[in-house]
Amino acid sequence: MHDWAQTAPVRVSNSVFTVGNVALDMDELFILEYGLNFIPSKMLSMENQLKADLELTVNRYPELQMNFGLIRDSIVYNSDPFSPNMHRSQYKSLNNLKRRNDIVVKQADKGQGIVVMSKEVYEAKTYALLEDKESYEELSENPIWTTYDTIRDEIKDLIKTGNIPKEYVSRIRLRGRPKPPMFYILSKVHKKLCPGRPIVSGIGHSTEKPSKFPDFILKPLVQKSSEIIREKFHISFYHILDSKTRLISEIIELNKEIKEKSYDLKQIYFATTDIESLYTNIPIMKGAAKVAKFARENSSYLQIKLGQSALFTLLKMVLKNNVYGNGNSLRSSICKYICFNSRVEIFAKDRFESVEMV
């Protein structure tokens, strides 16, 4: 029996890789070369298609209901006339790609190209991750509403006790029906046998808004991290490469020093370090407490100031309901939500799209 999880990638063009038994004609290859952010122009029925799209948006954001007609008329009035941006044969090939159910098209990990995998390879590489019993647990029922109720009640308590400023309540309050997160993988084509990187898309899930709000609060700390490090630690013997310009400048200076001092290149070593699976190895409670404490100690950089306990509650709320593991370490959480019936459901059509181009 073939071990599809061990299938290596094959580069078929400058930016396209295939994994498994995948056949692409030239037009299909050219289309993929455009990249997954390319948007083919197409004729739209402004009366039907636009109305349907706007209704979906308004259902999710009720506050737009009163402006429905104004938004529709504005889009119709300002829309450009249709102008094709591909050859007719390429439109045909694009439709063929969309109809194919034997392949999965994804961005490569770290943006290193486009990966086209046969479906059996994609499923095998996905199962290779999901079968890790230390990281994933298959549940017998879907906890999506239990999670929704828990998070809703915790948010209500934060609002009631005044821990969330009134002007930001709408950013965190849950609205609409929750959706289960979607699990997918991005192939690491830069590594041997291109293992998959697990990705959880939680758009529409109960943790979406509660996770966006702490991100909004903490973003200034990330942007000022170099400045904070310089202030808090003795790093005079380090060079902080906080931009490409700084990196290039340091390389130029290093080359200059090597030439001036006639260093023996055989005696010079460059090394990098990385922490394997850093995110998934941080204990939830300790990690949330450390972040909340760090935010309090550097609150002068923050535009929105929450109490340490409130920020800790938000972080814990998101992390504990977005993960599943042994209760202490962060783990990828998707099996908590989509493996509630059978493994076949993971690959149901409403979970995965074969082509993410249009």
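1. Arg 100 is a buried residue of this predicted model. Its relative accessible area is 16%, and because buried means under 20%, the assignment follows directly. The side chain of Arg 100 nevertheless takes part in a salt bridge, with Asp 102 as its partner and an N to O distance of 3.0 Å. Asp 102 has 33% relative accessibility and counts as partly exposed.

2. Two further salt bridges deserve a remark. Glu 257 and Lys 261 meet through their side chains at 3.8 Å, N to O. Glu 257 is partly exposed at 33% relative accessibility, whereas Lys 261 is exposed, with a relative accessible area of 52%. Turning back to Arg 100 and Asp 102, these residues belong with Glu 28 to one network, joined by salt bridges that share partners.

3. The other pair is Glu 227 with Lys 224, whose side chains also form a salt bridge, at 3.8 Å from N to O. Both residues fall in the partly exposed class: Glu 227 has a relative accessible area of 34%, and Lys 224 has 37% relative accessibility. In total, the structure holds 10 salt bridges. As a general matter, side chains of opposite charge can pair when their charged atoms come close.

4. The second largest pocket encloses about 610 Å³ of space. Its lining consists of 21 residues, and the closest to the pocket centre are Arg 60, Tyr 61, Arg 175, Gly 204 and Glu 208. Three elements give two or more residues to this lining: helix H2 (49–60), helix H7 (169–172) and helix H8 (208–223).

5. What is the make-up, by class, of the lining of the second largest pocket? Charged residues number 9, while the nonpolar and polar classes have 6 residues each. Among the central residues named above, Arg 60, Arg 175 and Glu 208 count as charged because Arg and Glu belong to that class.

6. On the surface, Leu 241, Leu 247 and Ile 251 make up a nonpolar patch, and together they have about 250 Å² of accessible area. Where does Leu 241 lie? Leu 241 is placed in the loop between helix H9 (225–232) and helix H10 (244–260). At 45% relative accessibility, Leu 241 counts as partly exposed. Patches are made of residues with over 30% relative accessible area, so the value for Leu 241 satisfies that cut-off.

Technical notes: Residues are numbered from 1 along each chain as its sequence is written. This is a predicted model: local features need pLDDT of at least 70, side-chain atom pairs count only at pLDDT 80 or more; totals for chains, interfaces and linings use all residues. Side-chain values use heavy atoms; hydrogens and water are left out. On a 1 Å grid over the protein atoms alone, a cavity is a set of points where a 1.4 Å probe fits but cannot get out, and a pocket is an open set with protein on both sides within 12 Å along at least five of seven lines; lining residues have an atom within 4 Å of a point. Grid points are joined across faces, edges and corners, and a volume is the space filled by probe spheres set on the points. Helices (H or I, at least four residues) and strands (E, at least two) are DSSP runs, numbered from the N terminus. A salt bridge is a side-chain nitrogen of Lys or Arg within 4 Å of a carboxyl oxygen of Asp or Glu. Buried means under 20% relative accessible area, exposed over 50%, partly exposed in between (1.4 Å probe, protein chains only). Patches are made of residues with over 30% relative accessible area and no salt bridge: like charges are joined within 9 Å, nonpolar side chains (Val, Leu, Ile, Met, Phe, Trp, Tyr) within 5 Å. Accessible areas come from the Shrake-Rupley method with a 1.4 Å probe; for residues, only the protein chains shown count as cover.
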